[in-house]
Amino acid sequence: MDRIRLVGGNELNGELPISGAKNAALPLMIASLLTKDPLVLNNVPRLADVKQLERILENHGVDISVQGRRRGDDDMQGQRITFTAHDIVDTCAPYELVSTMRASFWVIGPLLARMGEARVSMPGGCAIGTRPVDFYIDGLQQLGAEIEIDGGYVNAKAPGGRLKGGKVVLPRISVGATHVIMMAATLAEGTSVIENAAMEPEVTNLAECLVEMGAKIEGVGTRTLTIQGVEALHGAEVDVIPDRIETGTYAMAVAMTGGNVLLKGANAAHLQAALDVLKETGAEVIEEDDGIRIVKNGNAVKPIDVDVSEYPGFPTDLQAQYMALMSRADGTSTIRETIFENRFMHVSELARLGAHIDVEGQAAEVTGVEHLKGAQVMATDLRASVSLVIAGLAAEGETIVNRIYHLDRGFERLEDKLSRCGAKIERVSG
Ligand code: UD1
């Protein structure tokens with residue numbers, strides 16, 4: 001298995017291009033199942049999760065064509081991909097394809113809405129019963145679906161072949177449930193309302209794509225979405241928004257190592273809460289026409305408490321990276337995770353680099369140390385892995401990050417991008 005080897009201590013300087021957002025690209029790709037016409041997506045990142053979802057969509061009968069490179073194209077430019085679901089040949093998403101990526105479960109919404117039926121394997125990590133997909137099931141039932149769970153699969157049917165408009169009140173804000181119910185409602189008969197909807201920029205990206213495809217959605221970007229179902233959707237061309245998590249990750253890396261980096265193509269409005277915190281910690285955040293510039297002089301980092309929350313709050317997907325930054329702060333800070341129960345898996349690995357972190361329940365108290373020291377560490381999930389990379393960039397000596405399979409799921413050409421900015425980082429095969 002590949003590893004990342006890095007030697008810390010260098011400042012980051014230069015330009016770092018931000019890729020299209022993984023968490024936006026995935027639901028947009030899934031939306032292609034809603035129409036027989038082509039859906040063209042621009043700025044799709046080259047990631048393992050995108051490849052895996054392509055396999056799943058192909059299994060349903062989606063034709064996928066990637067536009068080749070053109071003269072003058074930058075090699076960091078996102079892909080332009082056309083998805084055409086002219087005929088859905090299979091409404092089953094099997095375990096072998098779905099088990100590695102939770103988002104692949106989301107195909108249930110469009111399949112059910114367009115074909116009147118879907119059989120989708122429960123996503124990975126569902127050993128404790130139906131809880132992790134309960135919002136999806138309840139929501140689709142509100143739209144008239146008949147659902148049974150059998151042998152690890154969710155079997156859903158729309159009586160008479162078409163879903164019916166209904167009211168869905170999400171018990172708590174869920175990005176995935178909002179994506180799925182919104183997609184399903186676009187083709188339902190009548191009007192649907194989703195209350196307590198997620199308003200993450202990725203949800204807005206999907207809603208705007210659906211509107212381009214002919215869906216009737218009101219309240220985009222708010223907690224209440226009203227969707228008037230239509231008979232059919234048509235093709236469209238849509239841009240994937242820049243990745244706000246990648247942006248925040250590299251912004252924190254610069255805040256840790258010092259330096260001056262333009263995060264090219266980044267959109268500050270999508271991560272204002274995190275940028276505000278970064279400023280308080282002592283980094284300069286400058287919005288420019290073509291991105292966000294992060295400037296950090298010296299290595300003094302002010303400790304600032306953070307409570308993670310849904311958008312527009314501080315994102316849970318930046319919690320691990322922020323913890324890395326706080327581990328070098330001049331004092332103690334408290335980080336509270338409120339979205340996921342078990343999202344402090346990076347703590348023990350950060351401790352191997354010399355961080356002082358005490359976890360109690362959902363809160364981590366981080367006492368900054370003057371120097372982190374390189375070590376061998378192991379990545380446990382996507383965001384945790386990258387927190388180890390940025391901590392390693394600021395640590396003394398060599399850090400080896402093992403099991404980087406997770407990084408490839410969500411960070412495009414990480415070592416390329418960082419080494420262009422002066423980091424000593426390389427991938428070691430095997
Ligand atoms: C998405 C993101 C993920 C991010 C998360 C929260 C993608 C591909 N993934 O994940 O990176 O960390 O939003 O911003 O976009 N829940 C239930 N029952 C359900 C559904 C959710 O209890 O049926 C709970 C979850 O366990 C969690 C909370 O709701 O505690 C929010 O999760 P949710 O927003 O649904 O996360 P995802 O959409 O899976």
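Okay, let's start at Pro312, which sits in the loop between strand S18, residues 306-307, and helix H10, residues 319-326. The peptide bond joining Tyr311 to Pro312 is cis, with omega at about 15°. Keep in mind that what we're looking at is a predicted model. As a reminder, most peptide bonds are trans, and most residues other than glycine have a negative phi.

That brings me to two residues on the phi side. Asn43 has a positive phi, near 70°, and it isn't a glycine. You'll find Asn43 in strand S3. Is Asn43 buried or partly exposed? Partly exposed: the relative accessible area of Asn43 is 26%. The other one is Arg403, again a residue other than glycine, with phi near 55°. Arg403 is in a loop, the one between strand S23, 398-402, and helix H13, 405-410. With 40% relative accessibility, Arg403 also counts as partly exposed.

Now, since Asn43 put us in S3, let's look at the sheet around that strand. It's an open sheet of 4 strands, ordered S4-S5-S3-S14, and the pairing is mixed. On the edges you have S4, 63-66, and S14, 236-239, each pairing on one side only. On average, neighbouring strands here are turned by 20° against each other, ignoring direction. S3, residues 38-44, and S5, residues 79-84, run antiparallel and are joined by 5 bridges. If you want a spot to click on, Leu41 is opposite Ile81 in S5.

Which helices pack on this sheet? One is H1, residues 22-31, which touches S3, S5 and S14, and the direction of H1 makes about 170° with that of S3. Another is H7, residues 201-212, touching S3 and S14, with its direction at about 160° to that of S14.

Next, a second sheet, and this one picks up S23, the strand just before the Arg403 loop. Again we have 4 strands in an open sheet with mixed pairing, this time in the order S22-S23-S1-S24. The edges are S22, 376-378, and S24, 424-428, which each pair on one side only. Neighbouring strands in this sheet are turned by 20° on average, direction ignored. S1, residues 3-7, runs antiparallel to S24, with 5 bridges between them. Leu6 is the residue standing opposite Ile425 in S24.

Okay, on to helix H6, residues 175-186. At 1.5 Å a residue, its 12 residues should span 16 Å, and the end C-alpha atoms are 17 Å apart, so that agrees. How many of the 12 residues of H6 are buried? The count is 11, so to speak a mostly covered helix. Among the buried ones are His179, Met182 and Met183. At the start of H6, a side-chain oxygen of Ser174 comes to within 3.0 Å of the backbone nitrogen of Ala177.

And Ser174 takes us to the ligand. There are 20 residues around the ligand, and the ones that come nearest are Asp134, Ser174, Val175, Asp317 and Ile339. What does Ser174 do here? One of its polar side-chain atoms is 2.7 Å from a ligand oxygen. For Asp134, an N or O atom of the side chain is 2.6 Å from a nitrogen atom of the ligand. Asp317 has a side-chain N or O atom 2.6 Å from an oxygen atom of the ligand. That's my tour, thanks.

Notes. Residues numbered from 1 in each chain as written. Predicted model: local features only at pLDDT ≥ 70, side-chain atom pairs only at ≥ 80, totals over all residues. Heavy atoms only, no water. Pairing = 2+ DSSP bridges. Helix = DSSP H or I, 4+ residues; strand = E, 2+ residues; numbered from the N terminus. Axes fitted to C-alpha atoms, helices over the stretch in contact; angles between N-to-C directions. Contact = heavy atoms within 4.5 Å. Expected span 1.5 Å × (residues − 1). Buried < 20%, exposed > 50% of the residue type's maximum accessible area, 1.4 Å probe, protein only. Polar contact = N/O pair within 3.5 Å; in protein donor to acceptor, adjacent residues only side chain to side chain. Near = heavy atom within 4 Å.
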